[in-house]
Amino acid sequence: MAEAAAAAPALQLEGVTCTFPSPDGRGRSYTAVQGASFTVADGEFVSIVGPTGSGKSTMLNVAAGLLKPSEGRALSFGQPVTGINPKAGYMFQAEALMPWKSALDNVAAGLEFRGVSKAEARERAMPWLSRVGLEGFGDRFPHQLSGGMRKRVALAQTLIVDPKIILMDEPFSALDVQTRQMMENELLDLWAADRKSVVFITHDLEEAIAMSDRVLVLSAGPGSRLIGEYRIDLDRPRDVAEIRMTPQFLALHQEIWAQLRDEVLKGYAQTKLR
Amino acid sequence: MRSHAKRLPSRPVILLLQLGVLIAFFLIWHVLTDTKILSPFFFGTPGAVLARTWADFASGVIWYHLGITLLETALAFVIGTVAGIAFGFWFARAPLVSVVFDPYIKAVNALPRVVLAPIFALWLGLGIWSKVALGVTLVFFIVFFNVYQGVKEVSPVVLANARMLGASSRDLFRHVYLPSALSWVFSSLHTAVGFAMVGAVVGEYLGSAAGLGYRIHQAEGVFDTVGVFSGMLVLTIFVVLIDAAVTVIEKRLLHWRPQDTSGGQH
């Protein structure tokens with residue numbers, strides 16, 4: 001942490017609170033996140049786990065600059081985030097590819113937006129398609145690809161513009177277990193190659209532990225707070241499937257789950273009330 | 001879906017059956033008028049209609065009128081589409097404008113446009129522009145509503161993703177809003193082209209000196225039923241050809257859409 005303090009952290013949230021007007025318009029507002037503060041060091045892989053409805057995506061949107069917090073602020077590499085955070089890449093949970101662009105053009109889009117000519121952007125997108133294992137699929141449209149392939153395109157699309165921090169909002173939650181573990185390993189490989197900072201949001205504790213340097217636990221909403229922080233000092237490189245069998249992993253899982261379980265139960269009760 | 005498709009005969013067989021329906025229709029028409037069950041004066045005869053149509057094409061008279069109708073259709077389509085896209089975007093991006101004008105848009109759209117034809121003739125004369133104007137009032141609303149919908153229905157996630165990738169508002173327009181809106185426009189292409197043509201023909205019918213509508217009207221004026229049916233035949237062939245062209249264009253422009261890949265070209 002000492003060296004992280006010297007250089008500005010990749011992401012720093014200071015007392016972020018997000019309040020939304022209630023959807024039924026009766027004037028009662030809904031607080032998604034309450035006073036969240038945490039930092040992500042340069043090159044660090046941090047996961048945030050929490051029960052459904054705990055405002056995980058809300059925090060990520062604040063970090064991305066897509067959402068202005070009601071209170072507090074976000075800093076990225078020392079710069080306050082106002083508007084879209086130019087240093088951040090965002091991988092969404094839902095389908096975010098442009099359906100009218102081919103896989104190649106989707107990957108090339110970020111470069112085109114940065115003023116690179118279409119021909120050059122395509123040329124530079126080619127190697128990225130191969131890096132995510134989609135060589136020869138460049139002319140397919142999103143609907144012609146499987147869910148896992150679409151996620152790979154989205155990953156290449158996010159990484160090609162070389163973001164300094166990658167925000168991932170349950171990117172693999174829609175995939176089946178096998179595809180998901182493959183994607184998780186691929187993500188770790190890509191991450192190991194040039195150590196960008198990653199904020200990875202998930203409701204799956206195993207996924208969080210298997211991939212991260214640090215796991216943050218959010219309480220159940222509304223008004224979620226950060227209630228726990230765990231350092232994951234498992235050796236790298238890791239294989240997400242194998243690491244789940246190691247005793248250290250199980251010990252960490254037990255420790256964090258003891259805290260998370262109560263929140264999950266609270267969150268579940270909340271959804272039943274609503 | 002597949003099991004239903006399998007029970008159908010192959011494409012050539014279907015084409016033959018379709019041709020059979022056409023021949024049967026002309027045959028029944030021929031028999032009924034030939035035996036005088038239906039009066040040839042009121043119903044024409046298929047032979048005479050075909051001969052008249054052939055003569056019109058052979059002498060070249062019809063080409064001029066076809067050209068006029070085609071020109072009016074094309075102009076109405078282009079002007080109506082461009083205006084519809086422009087206004088559709090404007091309304092979708094400016095909520096206040098759309099809320100204020102909403103009842104008026106609905107009112108004008110509910111008005112049967114045929115009643116405007118004489119007004120347009122008065123304003124724009126009996127040349128092509130009064131017909132183009134009528135077609136535009138029909139095409140505009142179809143395109144307008146579709147563009148409005150297309151812009152409104154852009155997925156917020158796709159939009160956020162493009163913004164995170166560094167898209168400026170110009171990029172968003174070019175790479176997100178426009179393709180989304182155009183996909184809606186293209187899916188209404190058949191209707192829009194059809195309406196452009198209705199505007200042209202109805203306009204000609206109500207007052208003009210050229211075009212297919214004018215020819216049909218002239219024939220009706222002198223109880224020339226063969227001429228009327230011949231005009232209708234030419235109009236039908238014309239419409240079918242344009243519709244086929246639209247289908248080809250649509251397939252090309254919307255190839256990224258799931259429902260258009262059932263042909264299996266990929």
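These are legends for a set of close-up views of a predicted model.

**View 1. A nonpolar patch sits on the surface of chain B.** Six side chains make up the patch: B:I79, B:I119, B:L122, B:W123, B:L124 and B:W129. Put together, they offer about 670 Å² of accessible area. Helix α7 (residues 117-124) of chain B supplies the largest share, four residues. B:I79 comes from elsewhere, namely helix α5 (residues 61-93) of chain B. With a relative accessible area of 36%, B:I79 is partly exposed, so it clears the 30% needed to join a patch.

**View 2. Transmembrane regions of chain B, as listed by UniProt.** The unreviewed UniProt entry gives residues 12-32, 62-92, 104-126, 132-151 and 222-249 of chain B as "transmembrane region". Take two of these spans in the model. Residues 104-126 of chain B are 65% helix and 0% strand, and the C-alpha atoms at the two ends are 29 Å apart. Residues 222-249 of chain B come out at 89% helix, again with 0% strand, and here 40 Å separates the end C-alpha atoms.

**View 3. How confident is the predictor about chain B, and where does the pLDDT drop below 50?** The mean pLDDT of chain B is 87, and 95% of the residues reach at least 70. Among the elements of chain B, helix α9 (residues 156-164) has the highest mean, 94, while helix α1 (residues 2-7) has the lowest, 59. The drop below 50 is found over residues 260-266 of chain B. Beyond near neighbours in sequence, that stretch has seven contacts in the model. Where pLDDT is low, don't read the predicted coordinates in detail.

**View 4. A salt bridge joins two strands of chain A.** Across all chains, the whole structure holds 22 salt bridges. One of them pairs A:E14 with A:R73, and their closest N and O atoms are 2.9 Å apart. A:E14 belongs to strand β1 (residues 11-21) of chain A and A:R73 to strand β4 (residues 71-76) of chain A, so the pair ties together parts 59 residues apart in sequence. Both ends are partly exposed: A:E14 has 29% relative accessibility, and A:R73 has 42%.

**View 5. A buried pair, A:K56 and A:E170, links distant parts of chain A.** The two side chains meet in a salt bridge at 3.8 Å, N to O. A:K56 is in helix α2 (residues 56-64) of chain A, whereas A:E170 is in the loop between β7 (165-169) and α6 (177-194) of chain A, 114 residues apart. Both A:K56 and A:E170 are buried.

**View 6. A:D194 and A:K196 form a salt bridge, and other charged residues of chain A build a network.** For A:D194 and A:K196, the N to O distance is 3.4 Å. A:D194 is partly exposed at 39% relative accessibility, but A:K196 is buried at 9%. In the network, salt bridges with shared partners connect A:R180, A:E184, A:D204, A:E206, A:E207 and A:R244.

**View 7. A:I232 is a buried loop residue with contacts from several parts of chain A.** You'll find A:I232 in the loop between β10 (226-231) and α8 (240-243) of chain A. Its relative accessibility is 3%, so A:I232 counts as buried. Leaving out neighbours within four places in sequence, contacts of A:I232 include A:I209, A:V215, A:R238, A:L252 and A:I256. A:S212 is another one on that list; it is 20 residues away along the chain, with 6.6 Å between the two C-alpha atoms. The loop between β10 and α8 of chain A also holds A:P237, which is joined to A:R236 by a cis peptide bond with omega of about -5°.

**View 8. B:S188 is a buried residue in a loop of chain B.** The loop runs between α10 (169-187) and α11 (189-206) of chain B. B:S188 has a relative accessible area of 6%. Setting aside residues up to four places away in sequence, B:S188 touches B:I142 and B:N146.

**View 9. Two residues that aren't glycine have a positive phi: A:D162 and B:K36.** Most residues other than glycine have a negative phi. For A:D162, phi is about 55°; the residue is in the loop between α5 (147-159) and β7 of chain A and is partly exposed at 41%. For B:K36, phi is about 65°. B:K36 lies in the loop between α2 (11-34) and α3 (40-43) of chain B and is exposed, with a relative accessible area of 60%.

Methods:
Residues numbered from 1 in each chain as written. Chains lettered and ligands numbered in written order. Predicted model: local features only at pLDDT ≥ 70, side-chain atom pairs only at ≥ 80, totals over all residues. Heavy atoms only, no water. Patch = residues over 30% accessible without salt bridge, like charges linked within 9 Å, V, L, I, M, F, W, Y side chains within 5 Å. Areas by Shrake-Rupley, 256 points an atom, 1.4 Å probe, with all protein chains shown as cover. Salt bridge = Lys/Arg side-chain N within 4 Å of Asp/Glu carboxyl O. Buried < 20%, exposed > 50% of the residue type's maximum accessible area, 1.4 Å probe, protein only. UniProt positions renumbered as here; feature names shortened; annotations may be inferred. pLDDT = per-residue confidence, 0-100. Contact = heavy atoms within 4.5 Å.
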